[in-house]
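Q: I would like to learn how to read the features of a structural model, beginning with a pairing between chains. Could we work through an example together?

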Amino acid sequence: MTKKLLLAIFISIVLWVSGDVVIAETTKTAVPDTLSVDEIVNRTNRVAYYLGSDGSARVKMTITDSQGRQRNRELSILRWDQPNPDLSKEQQGKDDSYCGGQKTYAFFHRPADVSKTVFMVWKYPDKDDDRWMYLPALDLVKRIAATDKRTSFMGSNFFYEDVSGRSPADDTHELVETTKDYYVLKNTPKDSTLVEFSYFKMWIHRESFVVVKTDYYDKQGKKYRTYEALNVENIQGYPTVTKAKMTDLRTGGYTVSEYSQVKYDIGIPESIFTERYLRKPPRKYLK
Amino acid sequence: MNLKQRITDFSIRHYKAVTGVLVMTTVMVMLLAAVPSIWPETFTAFNAIKIDTDPENMLPADEPVRVFHNQMKKELSLYDMVVVGIVNETHPDGVFNPQTLANIYELTEFAKTLHWTEEGREVGVVEVDLIAPSTVDNIEQGGPGVVKFEWLMPQPPQTKEQALAVRQKAQRIPFLNGTLVSEDGKAICIYIPLTDKHLSYRVYSELQKKTATLSGDEAYHITGLPVAEDTFGVEMFMQMAISAPTAMVVIFLLMLLFFRKLVVVISPMIVAMVSVILTMGALIIAGFPVHIMSSMIPIFIMPIAVLDSIHIISEFFELYQQTKDRRKTMIRVMDELFVPMLYTSLTSAAGFASLALTPIPPVQVFGIFVAMGVMVAWLLTVIFIPAYIMFVKPQTLEKFGAVHIPDQDEHTTLMGRILHRMGMGTYRWAKPILAVTVIIIVAAFYGISKININDNPVKWFSPTHPIRIADKVLNDHFGGTYMAYLALSAVDKEFVPEAFVNNFTQHAENRVVEYKADWPEAASVFIEIQRMATTSLKNVQNRQEAFRILSGLVDEKLNQAPDNLVDAWDEVSLFVAEQKQQNQVFKDPAVLAYQTQLQQALLETHIVGKSTSLADIISTVHRELFEGKDDQYRIPDSSSAVAQCMMTYQSGHRAGDLWHFVTPDYRKSSIWTQLTSGDNRDMTKVVKAVDKFIAENPPPVPLKFEWFGLNYINIIWQDKMTSGMLQAFAGSFLVVFLMMTILFRSALWGFLSMIPLTITIAAIYGAVGFVGKDYDMPVAVLSSMALGLAVDFAIHFLARSREMYASFGSWEKTVPVIFAEPARAITRNVIVIAVGFLPLLLAPLTPYNTVGTLLASILLVSGVATLLILPSLVRVLEKRLFTDKKVQGASCNCVTCVVSSVTMVALVAITLHQYAAVGWGQLVWFSFVAILVLALGCGFLSRRKKCKTLNEQEVTGND
């Protein structure tokens, strides 16, 4: 068994303290002393978004605003990755530079009045995503244009891009610092008109390639948004972020996502990720 | 020697010491006030000067409407906003051309940078809530079956077509059309929210600098209530530094013209200046903020301070040449003027102190400090003026003053001749004069009935001020820049555990029936949850607790459930969650539809140009989900559908915008109302229209309706001010009347002295009503001023008349004497002060203009009323006023005693009503009894032996 947690969705993982222990145990692969920036970027991307050939998890999101008022979302997320055609079944996932297509199915349990709402994404390596939304109370399947991925994920402080992953090809990367435990990468967008940040910095754990923290800086060079991995667990041999927090430093609001029932390599059929299943959720995989 | 002689003698004898103490006190107060203001960090123990231009502070901070306003602002994350309007009247496409939109984009980016760190806190522009074309979201069709979220204008457009597309898109979104873009396409408004409205002047100045660098044919207008208030504060401060000194200079020059002796004329100036310094110093030291009201304190104190000094100098001027002895002349002058001056000062102070009765803190502070300043001025006048005269060398006074040749000098000057003829006229035509007066009073009351109570902080600026212009231009193009919010809140029902359980089990039972046939496992667990609810919820305190217990129980069951029951328990869990959401009233389609109706009623007022609510957002999302068809612009049919529209909306860039319209518990919602006018009168009309709508159309669920927003707060304090001022005025009128009755030992004389001020006030307010000038704050406050000044003239006139009548024996013989020196002093006062305040008319702030105009009018009218009406009345009432009985204790005159008692009781009643909130019904009974008791007392007192003997004796002198 192996591989990823799709859901962990967010940029990365980490644990400032106990995380190191877990990570040290789980990553046996010897890491060459000198990795190129691209190698670091690719491996980080794989650890964050492409663990295993598929995965499922139950997510509880707690959105807290600046006044401490909380709202909850509960959803199940299923993920399926397109296999790398150049590798054998056993070798899948070993090539960090491969980012194939990916399909995601997010089913809402709570709040009760949005229960059975489904959000589905087909991610392509070379073009804009396809996104669908099913709104049961309106009995409506709607496609959503995905030209801009930096919009709120269902009212939380996470963006769609945080959930589905930002393509490493969209940024130029610079290794600004290598500490005892972390690589610190500065990522600058190639087209700054498409995004609201001017750059973001990631702290990547050197052993596990889990992103423990990401800081986003605005056009005046001021930090305005920050991601932290709050808990990392070894699940089926994969370093999995099971608790993550995204804070909007401008408003003081933040969202904490907690992952439970995380499973990898369960053999979810690709056919589930189709319009037909939006109205008829695959209950078997959503427990 | 009596007290007044002793005081005068003391200051004459120790004139150096008196002056030294005065100089030291003044310097001390100046230092205490100025030093902590200049170095606030070093002198933290003392109060630095605080400026407060916030009309909100017209109400105390704990006033319910303010508490609610702040609470709702917090709950809905609303901020005070600076509004930048960009108008392009020349380009055929209006503002929607690449050049103008590029400038707007640049200005928006610039606005985002306007935040600073102050005391470790980030303050300034709230970037996430900034409303501009590049910062708001557009929902629209992205091709067949596709809905699209994107920034309305992510980058400035390059072509004419792209620019017009921005307009077309924005006008499709109801909450942007008429708010962000004008319906005629000529204007765009950027709304810049601020963490604190006190930063608005800073942001305003920065924005002005920026717009000056932008080239293009568009015009930039910066406005919004916080800008108006903050700018007003800055300009008010400048006015304080310009108006008050200018007035002083003009008064000085006029006095120089009348008295022609620089050294002597300087003394009233010193009295006025020192009074102002001591009063304002005390205000700052005591830690009170300088408010729009308190900034006018110097302007009010100066004329009153000068007034008494003018009387002294006038008198000194008349008498000096008779003895050529500074000391003797001064003691004689003071002997004659001490009592009238004390009374004029006390009455003026009482008039202002009565403002403490209004429930408006800045007006209270103003009233109390002006009253204090008046008494300080009096003290300085009686102590310092005699001391000052001692500094003046006799040689300098050699040619000072009139060389007194009786019956001649009065007629040598123009003023003397006019006054003399006037006096004789009042004797001859007393009755016609009184008849004309009656006509004027009737007309005045008609004018008063037409008075329009209204205020508008933006109108505090003159019509040519950039803020007034911006206000006019933007309100022509948009749905209005004056914001008020109508909060709708669900009413919490009392929680009764039995009722809750009954309702819950009823709904669960419905599910049992539903599932019985097809899903028996579910039916069985729905029976079980009913049992669990009945047993475990007996003692719960509230709804929240009940649901916490229920979901805990269900979760436990779900975790332990055998495989065949997992789905069933899952269904129960969802059911409980659904029940919990039942109180989210602002997801109820009926409630949202009601909001839409209410908005329609708002528009029908024609004052509200635009309103925005949660219903608009939901309808727009619904339309775009259904192919953008106009007939789909509606509220969906179920609350789940509403919730799903909300979640769709929250998938945009500005998920937080939803929370400006509804709280996350969906129990409170607010309708944003844009008024095209900031007049309190118009806001009042809107409030009434909503009340009427609610009365005729009750909401589908119990809702509470409450207004908030600065425009609403303004009408609350205005109401309080109007009623408060009336009571304050009634109170001070009674106090002054009581004082007059005591001073003259006669109710009749007391009434007489109230005549000029009553006529002055009636005439001034009648004129205000006729001219159509709004009755606003400065107008209201000036009634106290009128009271204080007008009674001064009457006191001087009547006190002198009575004295002189005693020596001349008939009014006919007294008139020419009264119309000599005393009338001249009054006339000089009228001219000096009226003309002295005319520079206020040049100020760019209308409250200063109003004060200037009204002050001049008050002085003129009360001067004329005193010099025409009083002598006419005395002529008519001569027999009753000057009886053979000599002046005696007020208590001996039964009528005077009873009138005084009634006055006193009325005064107590008003005060009790104001402060102790005692109802009028109770007070009337209480007063009735009190008056009866006091009347009996008066009867006994006036029949005392002492009174009888006094009546029979010939008592000379009244001191």
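**Reading a predicted model**

A: Let us begin with one pair of residues: in this predicted model, Ile144(A) stands opposite Val147(B), which belongs to E6(B).

Q: How many bridges join strand E6 of chain A to E6(B)?

A: Two bridges link E6(A), residues 140-144, with E6(B), and the strands run parallel.

Q: How should one read the interface as a whole, and which elements of chain B give two or more residues to the side that touches chain A?

A: The size of an interface is often given as the accessible area lost when the parts come together. Here it is described by contacts: 34 residues of chain B are in contact with 28 residues of chain A. On the chain B side, strand E6 (146-151), helix H19 (563-580) and helix H22 (639-649) each give two or more residues. H22(B) supplies the largest share, six residues. By class, this side of chain B holds 14 nonpolar, 14 polar and six charged residues.

Q: Within chain A, which strands are joined to E9(A) by bridges?

A: Strand E8(A), residues 182-189, is joined to E9(A) by six antiparallel bridges, with Lys186(A) partnering Lys201(A). Six bridges also join E9(A) to E10(A), residues 211-217, again antiparallel; Met202(A) stands opposite Thr214(A) there. E9(A) and E10(A) form a hairpin with five residues between them, and Phe209(A) in the turn has a positive phi of about 65°. Five of the seven residues of E9(A) are buried.

Q: Where in chain A is the pLDDT below 50?

A: Where pLDDT is low, the predicted coordinates should not be read in detail. Chain A has a mean pLDDT of 84, with 88% of its residues at 70 or more. Over residues 1-30 of chain A, however, the pLDDT is below 50.

Terms used
Residues numbered from 1 in each chain as written. Chains lettered and ligands numbered in written order. Predicted model: local features only at pLDDT ≥ 70, side-chain atom pairs only at ≥ 80, totals over all residues. Contact = placed C-beta atoms within 7 Å. Helix = DSSP H or I, 4+ residues; strand = E, 2+ residues; numbered from the N terminus. Nonpolar A, V, L, I, M, F, W, Y, C, P; charged D, E, K, R; others polar. Pairing = 2+ DSSP bridges. pLDDT = per-residue confidence, 0-100. Buried ≥ 20, exposed ≤ 12 C-beta atoms within 10 Å, placed from the backbone.
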